[in-house]
Amino acid sequence: MAVYLITGIAGFIGSSLARAVLAQGDAVRGVDNFSTGKPGNIAEIRDRIDFREADLLDLKAAREACHEIDYVFHEAAIPSVPRSVLDPLESNQANLDATVHLLLAAREAKVKRLVFAASSAAYGDSPTLPKHEAMQPTPISPYAVAKLACEYYLTSFYRCYGLETVSLRYFNIFGPRQDPSSPYSGVLAQFITKMLKREQPTIFGDGKQSRDFTYIDNVVEANLLACKAPATEVAGRVFNVATARGVDLNETFQVLKKLTGYTGEVKYGPERTGDVKHSVADISRTEKYLGYKPRVNFEEGLARTIEWYKTEWAGLYGQPLS
Ligand code: UD2
């Protein structure tokens, strides 16, 4: 039985990974400082994991977290472009400094492999589509810069110290347990919950911006594959995790209208500073080296997510959706 450390375990992605690791019969240790994570996300598995409330900015806590660990899934972050534009120092500390601490701790603990939640934000607004890993990154927001710098650190720790690292560039992940309650929440979580409550959502800009919205189960699978792939093929490298299909926000709103029964219209507001216009992935490298295939498509993912918000969200957070 292997032992996995999951940072940001109380977050949407971390808590989904924890369930998958437990399901394959391995052990889970988790850390979270609850800056964006929610205790409710791990309540149901709390007695089956070694959970520690800790902040990776505390190097001692990072070292204790990595002690006798085989694999690390590093999901802890402040994952928001606009929040980083408002507070770049906070973004740098939570996203970059904490990662360097974790890398140091993982190297000392001789973990087998560390897999990192990198971001498609690294590509910025380079005009080439789809985005592939060999492209020159052109990050716009402080968040994107911090996530990209982490990738470079991961590669450096592999090349300088032999710590096996893999960066997975997530493309706009969505699914059950994604928090819709903050203005910094992902657009699908916000739109779905608003539309179920018959509240009007707002599109920032003209709605022609596109995203490669990726359902959480695809991401979980990519992480598990990243632990298993041969080091000679994946260590120190970066891989897109996406579906290879982009949809724009206007179209997304129309699809959500059908799925939620919302009959109102959308409002348009000013474009968000630091926003990327188009984001669609080339996933051929991930398919080739990780054996990854996106198994749940956008529509199926949306249907499952809407069902979860309708049936589970109210129970967990006491905010009924009509
Ligand atoms: C970025 C990254 C993503 C992930 C995420 C973490 C890109 C392309 N993607 O997502 O991979 O790292 O950061 O937060 O950089 N929007 C609205 N109305 C709303 C909310 C959002 O129109 O109420 C727009 C927003 O302006 C943007 C799109 O929806 O154009 C997606 O926004 P988001 O915050 O869900 O994610 P994004 O693309 O910043």
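## Close-up views of a predicted model

An oxygen atom of the ligand is found 2.7 Å from a polar backbone atom of Val-187. This is a predicted model, and the legends below walk you through it one view at a time.

**View 1. The ligand is held among 24 residues of the protein.** Within this shell, the residues that come nearest are Pro-79, Ser-119, Tyr-143, Arg-211 and Asp-275. Start with Tyr-143, which places a polar side-chain atom 2.6 Å from an oxygen atom of the ligand. Then look for Tyr-170, where a polar backbone atom is 2.9 Å from a ligand oxygen. The ligand has 740 Å² of accessible area on its own, and the protein covers 92% of that. To place the shell within the fold, find α6 (187-196) and β8 (202-204), each of which supplies at least two of its residues.

**View 2. Two domains meet in this protein.** The domain assignment gives domain 1 as 3-173 + 214-241, and domain 2 as 178-211 + 245-278 + 297-317. Taken over C-alpha atoms, their centres are 25 Å apart. Where the two come into contact, domain 1 brings 19 residues and domain 2 brings 16.

**View 3. The largest nonpolar core has 68 residues.** Phe-73 and Leu-168 are the members that touch the most others. Helix α7 (residues 216-228) gives the largest share, eight residues. Because domain 1 and domain 2 both contribute residues, this core lies between them. In soluble globular proteins, nonpolar side chains tend to be buried together. Follow Leu-168 outwards and, beyond its close neighbours in sequence (up to four places away), you will meet contacts including Val-115, Phe-116, Ala-222, Phe-239 and Leu-290. Elsewhere there is a second, separate core of 27 residues, with Leu-56, Ala-61, Leu-96 and Leu-114 among them.

**View 4. Ile-216 sits in helix α7.** Is Ile-216 buried or exposed? Its relative accessible area is 2%, so Ile-216 counts as buried. Sequence distance can mislead the eye here: Ile-13 is 203 residues away along the chain, yet the two C-alpha atoms are separated by 7.1 Å. Ile-13 is also one of the residues that Ile-216 touches, along with Phe-12, Ser-16, Ile-173, Phe-174, Gly-175 and Pro-176, when residues up to four places away in sequence are not counted.

**View 5. Thr-7 belongs to strand β1 (residues 3-7).** With 0% relative accessibility, Thr-7 is buried. Which backbone atom lies 3.0 Å from a polar atom of the Thr-7 side chain? It is the backbone nitrogen of Ala-76. Ala-76 also appears in the contact list of Thr-7, together with Val-31, Leu-56, Phe-73, His-74, Glu-75 and Leu-102, leaving aside neighbours within four places in sequence. Two of these names may look familiar: Phe-73 is in the largest nonpolar core, while Leu-56 is in the second one.

**View 6. Ser-126 lies in the loop between β5 (113-119) and α5 (142-161).** Although placed in a loop, Ser-126 is buried, with a relative accessible area of 12%. A polar atom of its side chain lies 3.2 Å from the backbone oxygen of Tyr-123. Apart from neighbours within four places in sequence, Ser-126 is in contact with Lys-131, Met-135 and Thr-138. For a sense of scale, try finding Val-234: Ser-126 and Val-234 are 108 residues apart in sequence, and 25 Å apart in space from C-alpha to C-alpha.

Methods. Residues are numbered from 1 along each chain as its sequence is written. This is a predicted model: local features need pLDDT of at least 70, side-chain atom pairs count only at pLDDT 80 or more; totals for chains, interfaces and linings use all residues. Side-chain values use heavy atoms; hydrogens and water are left out. A nonpolar core is a set of buried Ala, Val, Leu, Ile, Met, Phe, Trp, Tyr and Cys residues joined through side-chain atoms within 4.5 Å. Buried means under 20% relative accessible area, exposed over 50%, partly exposed in between (1.4 Å probe, protein chains only). Helices (H or I, at least four residues) and strands (E, at least two) are DSSP runs, numbered from the N terminus. Domain bounds come from an automatic or database domain assignment. Contact means heavy atoms within 4.5 Å. A residue is near a molecule or strand if one of its heavy atoms lies within 4 Å of it. A polar contact is a pair of N or O atoms within 3.5 Å; within protein, one must be able to donate a hydrogen and the other to accept it, and residues adjacent in sequence count only if both atoms are side-chain atoms. Accessible areas come from the Shrake-Rupley method with a 1.4 Å probe; for residues, only the protein chains shown count as cover.
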